[in-house]
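Trainee: I would like to go through this structure step by step. Shall we start with the overall fold and then turn to the cysteines?

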Amino acid sequence: MKLWYPFLVLSIALLIWSCKGQNDTAMHDYTNDLIHETSPYLLQHAHNPVNWKPWSNETLAQAKKENKLILVSIGYSSCHWCHVMEKESFEDSIVADFMNANFINIKVDREERPDVDNVYMSAVQLMTGRGGWPLNAIALPDGRPIWGGTYFPKEDWTDALEQVATIYKEDPNKLVEYAEKLTSGIKSMDLVKPNPNSPRFEEETINSALATWSRSWDTRQGGPNRAPKFMMPNNYHFLLRYAMQKEDQELLEYVNTTLEQIAYGGVNDHTGGGFARYSTDTKWHIPHFEKMLYDNAQLVSLYSDAYLATKNELYKETVYQTLAFISREMTTDEGGFYSALDADSLTPEGELEEGAYYVWTKEELENIIGSDFDLFSEYYNINNYGKWEKENYVLIRQDADTTFVKENEISLKDLKSKKDKWKEGLLRFRESNKERPRLDDKILTGWNSLMTKGYIDAYRVFNDQNFLDIALKNANLIVSKMLRKDGGLNRNYKNGKSSINAYLEDYASTIDAFIALFEVTTDIVWLERAKSLTDYTFTHFQDKNNSMFFFTSNEDTSLVSRSTEYLDNVIPASNSMMAKNIFTLSHYYLNREYTKTAAAMLNNIQLEIDKYPSSCSNWLDLLLNYTNPYYELVIVGPEAKEVLTQLNTRYLPNKLIAASLSQTNQEIFEGRYLEGETLIYVCVNNACKLPVRTVEEALTLIDK
């Protein structure tokens, strides 16, 4: 961060809070344009007395024409504090009158428009040192931010708006000066400098990153040694792979501790399945109760691979329960996946309250469980350990089933039967007697592709045809509804309409899912679609100066800054996903441009890895492909699918698979078909051993 940023922030704050003038506010007729939107979050605000408008070229043009400040308020449908601020401020007619008189007010669903969110989040982080949602910013009529923050109580909100409006009226040039400096800061945050050194990838980079990262681990409860705790599936996907490849038992124990404690914790809905967004405490007990599609999608992939690596039955149970939740509550008849369930739901008294749908009183549980209550209470800690607030409990486990049955003199079979009965009763009671949380029913291409990938990974590991059928249905929905004739994707789908030009994260997730579909189905169409989408991103998203990819297309309307997302978060960075996709496709298509690009992208990030290892875990996973053997397993012949199924019973994260039942012109299969034979080729960097005929022989070559 440049040295003048803190002084800029301080000077803005002093100027705003030193102003004493008040703007006169006149009553206005309300013209809330959100009623025409499809986003559940925008529709939640459609009846506010604020003259909300959606983010659009027309709205921005109006701000310039009227020379009015823009007030941008950003959130999402399941955001608890967004609801609080709406109730306190945006539903208040006096507050609304002042906002309407002095600002062009724009509401943004961050999940629909992550590009807009990125710009103003960067601004608020520069100004305040932190960010979050609701995100509120004020900008000049041209969109350049000048002030912002997150949640504001009503009095603080109105005071701030009055001071900013006064400054704009009395000394607008001062705000223009601030905006110029702040915009410069935002643009510098989005820069990725090309690494001038030739790519050189060494395992010491990984070892150094792990040494730094491990100092922040909670080896007792798993995850980071702080609260709140986010699941961050990509972190543990990488750590699992590294531990298995390096036979690092200490690291593997940390990963298993984390995955077990998350599955035992209250963040995992033990009644209906599915994970909440994060834990508010260190023991994964009390969640922030909203359920996001992207978390559950990635956790399905993680727990599937963790089962393959460890054969821990808890992980299999977790996958099946999570997918049962997705099927029951988050899936459309067309095969799309909804975005989120709200944290808040109505209490019996009709008040919105966080977690009301998910928590239990002891009396409720006693009535539902009946004679088994003592055993149930022991299993799910209906005691001081599991107590939350207001005499409510959040179910949480502490022990493995094998330990529990020994201590309680019951068989595993009987425990499983009882658990199924308990969950059936709890779910039936909850659905009949509690008000369901609000559903965000928009379908986002990138998040749907993450969920499709989750189903594919579950199919690959558990060979359950139902999982593949669901994955194919969603992938075909993306092709038929979100894929445009020009070869590009749209971001959003709802009510039969696909809209909003897609972002890099949509392409990266979809390409990844399509590659995975090819690997499990042998249908070359999915690989060709992945390549076509990749070539589209090269044309419309790539920054030729550094080989990275912008978050937005060159066909999108320009914002204050065109960002490059490269640090992994709750979803891996779109650039790290793209780098892995391009690396994989370079092997399938023997494409030198792909090979060069993937290496250049990783090389650019090498300097960041040691500083931010937990935010570079997907890059670290790619780095393993360069520092350790990476296998191309090519299977050709009439029994290729049977061989593929056998290979998928082994945990082999350092490989790609290409299988074909017949002769094909696709590059990776060229010259490898022999009539009447099924052959397995084990290759590293396009250098292959002699073909073998059995999975055991192929695995022997890999083990060597």
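Trainee: What percentage of the 704 residues of the protein chain count as buried?

Mentor: Keep in mind that this is a predicted model. A residue counts as buried when its relative accessible area is under 20%. Applied to the 704 residues of the protein chain, that cut-off gives a buried share of 61%.

Trainee: How many helices and strands are there in the protein chain?

Mentor: Both kinds of element occur in the protein chain. The count is 26 helices and 22 strands.

Trainee: What radius of gyration does the protein chain have, and how does that bear on its being compact?

Mentor: The globule rule gives 27 Å for 704 residues. The protein chain comes close to that value, so it is as compact as a globular protein of that length. Its C-alpha trace spans about 85 × 70 × 50 Å along the principal axes. The radius of gyration itself is 27 Å.

Trainee: Which share of the contacts with a separation of 6 or more comes from residues 24 or more positions apart?

Mentor: Take the contacts in the protein chain with a separation of 6 or more. Then pick out those between residues 24 or more positions apart. Their share is 69%.

Trainee: How far apart are the mean positions of the positive and negative charges?

Mentor: The protein chain carries 72 positive and 100 negative charges. Each set has its mean position. The two means are apart by 3 Å.

Trainee: How many disulfides does a search of the whole structure find, and what is the pairing?

Mentor: The search finds two disulfides. One joins C79 to C82, and another joins C683 to C688. With the bonded cysteines numbered in sequence order, the pairing is 1-2, 3-4.

Trainee: Why does the S to S distance of C79 and C82 qualify as a disulfide?

Mentor: The cut-off for a pair of cysteine sulfur atoms is within 2.5 Å. C79 and C82 meet it, so they count as a disulfide. Their link is right-handed, with 80 degrees about the S-S bond. The S to S distance is 2.3 Å.

Trainee: Is C688 buried or partly exposed?

Mentor: Its partner C683 has 0% relative accessibility, so C683 counts as buried. The value for C688 is 34%. Buried needs under 20% and exposed needs over 50%, so C688 falls in between. C688 is partly exposed.

Trainee: What is the handedness of the disulfide of C683 and C688?

Mentor: The S to S distance here is 2.0 Å. The torsion about the S-S bond is about 100 degrees, so the disulfide is right-handed.

Methods
Residues numbered from 1 in each chain as written. Predicted model: local features only at pLDDT ≥ 70, side-chain atom pairs only at ≥ 80, totals over all residues. Heavy atoms only, no water. Buried < 20%, exposed > 50% of the residue type's maximum accessible area, 1.4 Å probe, protein only. Helix = DSSP H or I, 4+ residues; strand = E, 2+ residues; numbered from the N terminus. Rg over C-alpha atoms; globule rule 2.2 N^0.38 Å. Contact = heavy atoms within 4.5 Å. Lys, Arg positive; Asp, Glu negative; His and termini not counted. Charge placed at Lys NZ, Arg CZ, Asp CG, Glu CD.
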